[in-house]
Each structure stands twice: as C-alpha cells, then as structure tokens.
Amino acid sequence: DLIVVDENDYLPLGRLCLTYCLDVFTRYPLGYFLSFEPASYLSIMECLYHAILPKSNVREVYETKHDWQAFGIPYTLVVDRGPEFVGNDLKDACMLLEINLEYMPPKTPEYKESVERLFGTINTGLLHTSGGTTFSNLWERGDYNSLKKAIVTLEDLEKMLVIHNVDIYAESFHTGLKAVPARQWETLTSNGFFPRVPSSNEELRVLLGRSEQRTVQKYGIE
C-alpha cells in the first residue's frame, strides 16, 4: 500500500510486491522478498532464500537495535493455492530440501490468519503513515494524492521493513501467542532446537532453482 520513488530524481516508480515467510510457532518473521516482480516462483524462491539463510548483518546494514534471530529450512511449508505456489518448481525445491509442502483448502482465509495479521500490521502501522501511501481502498484514500505525496525510496522502504520486523514486530507482545516472538524463538533455541541450514549459499540457490522437463531426442537434449 505504498508508492516508492526513484532515489535519484524522486519520480514515482509504483507499488511493490511483498512476499513473506513467517514462523507460525513463534510468530517470528523468517524472511521476505520485496520487488516490482509480480507474484511468481521467482518471488517465492527469493523469499525462501532470505528466510533460510542466517541474517547476521542487519545491525550494520539497517541499523537495527536487535539481531534478526530466525532462520533455517522449515520442516513444513504451508501455502495457499495462488498460481505462484502451484507447479513443479516449488514441489521440486521442497523435495530436495526435505520440506513437507502443504496446501491450504480452498476458500479458507482463516488458515492464513497469522501471516495476514503481519501484512495488516505492516500496512496500518507502517505504510499507511508514510508519504505516498495508497491506503487499502479508494474510500480510505479519499482525495489524498498518493503520487504527489510519495517520498519513500526503495532503499528507505527496505530499511523501514527490516526495522519493523526485527525491532518492533518481533519484540512486541503478540496477543494471539500471548508472548513476545523474539522471546519464544530464544526459548526454542535454548531448549535444543537448532535450525537446519544448507552447506552453502550456492547449494541453496541450486536447490531452489527452477526445473524444466525435456525429451531425449536422437541427437541428445535441446
């Protein structure tokens, strides 16, 4: 719900697409992908790549007050039936990473309550208070000129999002959880849980990559 501007000439660029991965047990954000790329397997791949790898440099890069603690290969990945989630690419990646892929039943938005709440918190608590917000609908926006009011660059938004994830959302009391996500994650890891990680970043890129089917011809594979 925000129009970003170019960092050099401050001309409006448009709205971005945000893909999120949330740990349901602790409610700690695992990772995200923010891009002009529409919802696709590429956005899922980049989101999972960010979610799985440790994020040890957020204090230096984004000036957060806390470390981004959560990372690791999920044991189960639950997704809805959007077209970007349906296909062999995600199934193949989950098989290679030993992730149990589960699809939610159709027309069950209540099953997405955890991540929808996170999206709502980002929109209402962060984006709707920024210059250039589009709000959630026309009635809410009224005569507010989002294009003329836009002032946030992509780099600014990235920093705002990381600070919101690490210093605000993860460190705030969650009423549904009845606990603070960061404290839940710390308790989990102190009791013997250690996140699964791939042997290298490059291996993770390969395992998350697209798969293609080809037919063997007399002359080989084209």
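## Exercises on a predicted model

Glu63 has a relative accessibility of 56%, so the residue counts as exposed. The structure is a predicted model. The exercises start from Glu63.

### Exercise 1. A bridge from Glu63

Find the salt-bridge partner of Glu63 and say which parts of the chain the pair ties together.

Solution.
- Step 1. Apply the cut-off: a Lys or Arg side-chain nitrogen within 4 Å of a carboxyl oxygen of Asp or Glu.
- Step 2. Glu63 pairs with Lys159, and their closest N and O atoms are 2.8 Å apart.
- Step 3. Place the ends. Glu63 sits in the loop between helix H2 (58-62) and S5, and Lys159 in helix H7, so the bridge ties together parts 96 residues apart in sequence.
- Step 4. Check exposure. Lys159 is partly exposed, because its relative accessibility is 30%.

### Exercise 2. The N-terminal pair

Which residue forms a salt bridge with Asp1? Classify each partner as buried, partly exposed or exposed.

Solution.
- Step 1. The partner is Arg15, with the closest N and O atoms 3.2 Å apart.
- Step 2. Asp1 lies in the segment before strand S1 (3-5), while Arg15 belongs to strand S2 (residues 12-15); 14 residues separate the two.
- Step 3. Use the cut-off for burial, under 20% relative accessible area. Asp1 is at 19%, so Asp1 counts as buried.
- Step 4. Arg15 is at 49% and therefore counts as partly exposed.

### Exercise 3. Around Glu98

Describe the backbone, the exposure and the contacts of Glu98.

Solution.
- Step 1. Locate Glu98 in the loop between H3 and S6. Its phi is positive, near 55°.
- Step 2. The relative accessible area is 60%, so Glu98 is exposed.
- Step 3. Leave out residues up to four places away in sequence; Glu98 then touches Pro74, Tyr75 and Arg196.
- Step 4. With Arg196, Glu98 forms a salt bridge whose closest N and O atoms are 4.0 Å apart.
- Step 5. Arg196 is in the loop between helix H8 (181-190) and H9, so this pair ties together parts 98 residues apart in sequence.
- Step 6. Salt bridges with shared partners also join Glu171, Arg183 and Glu186 into one network. The count of salt bridges comes to eight.

### Exercise 4. The two sides of H3

Which residues of helix H3 are buried, and what covers them?

Solution.
- Step 1. H3 spans residues 88-96, and its buried residues are Asp89, Leu90, Ala93 and Cys94.
- Step 2. Look down the axis. These residues fall within an arc of 125°, so they line one face of H3.
- Step 3. Turn to the face away from the buried side: Asn88 and Met95 are exposed there.
- Step 4. The cover over the buried residues includes helices H1 (41-52) and H9 (201-208), as well as strands S5 (76-79) and S6 (100-103).

### Exercise 5. A hairpin

How many bridges join S3 to S4, and which residue stands opposite Tyr20?

Solution.
- Step 1. S3 (residues 17-22) and S4 (residues 29-35) run antiparallel, joined by six bridges.
- Step 2. Tyr20 faces Tyr32 in S4.
- Step 3. Six residues lie between the strands of this hairpin, where Arg27 adopts a positive phi near 65°.

### Exercise 6. A nonpolar patch

Which residues make the nonpolar surface patch of about 250 Å²?

Solution.
- Step 1. The patch is made by Leu13, Phe36 and Leu154.
- Step 2. Leu154 lies in helix H7, which covers residues 154-169.
- Step 3. Patch residues need over 30% relative accessible area. Leu154 has 33% and therefore counts as partly exposed.

Technical notes. Residues are numbered from 1 along each chain as its sequence is written. This is a predicted model: local features need pLDDT of at least 70, side-chain atom pairs count only at pLDDT 80 or more; totals for chains, interfaces and linings use all residues. Side-chain values use heavy atoms; hydrogens and water are left out. Patches are made of residues with over 30% relative accessible area and no salt bridge: like charges are joined within 9 Å, nonpolar side chains (Val, Leu, Ile, Met, Phe, Trp, Tyr) within 5 Å. Accessible areas come from the Shrake-Rupley method with a 1.4 Å probe; for residues, only the protein chains shown count as cover. Helices (H or I, at least four residues) and strands (E, at least two) are DSSP runs, numbered from the N terminus. Buried means under 20% relative accessible area, exposed over 50%, partly exposed in between (1.4 Å probe, protein chains only). Two strands pair if DSSP finds at least two bridges between them. The arc is that of the directions from the helix axis to the C-beta atoms. Contact means heavy atoms within 4.5 Å.
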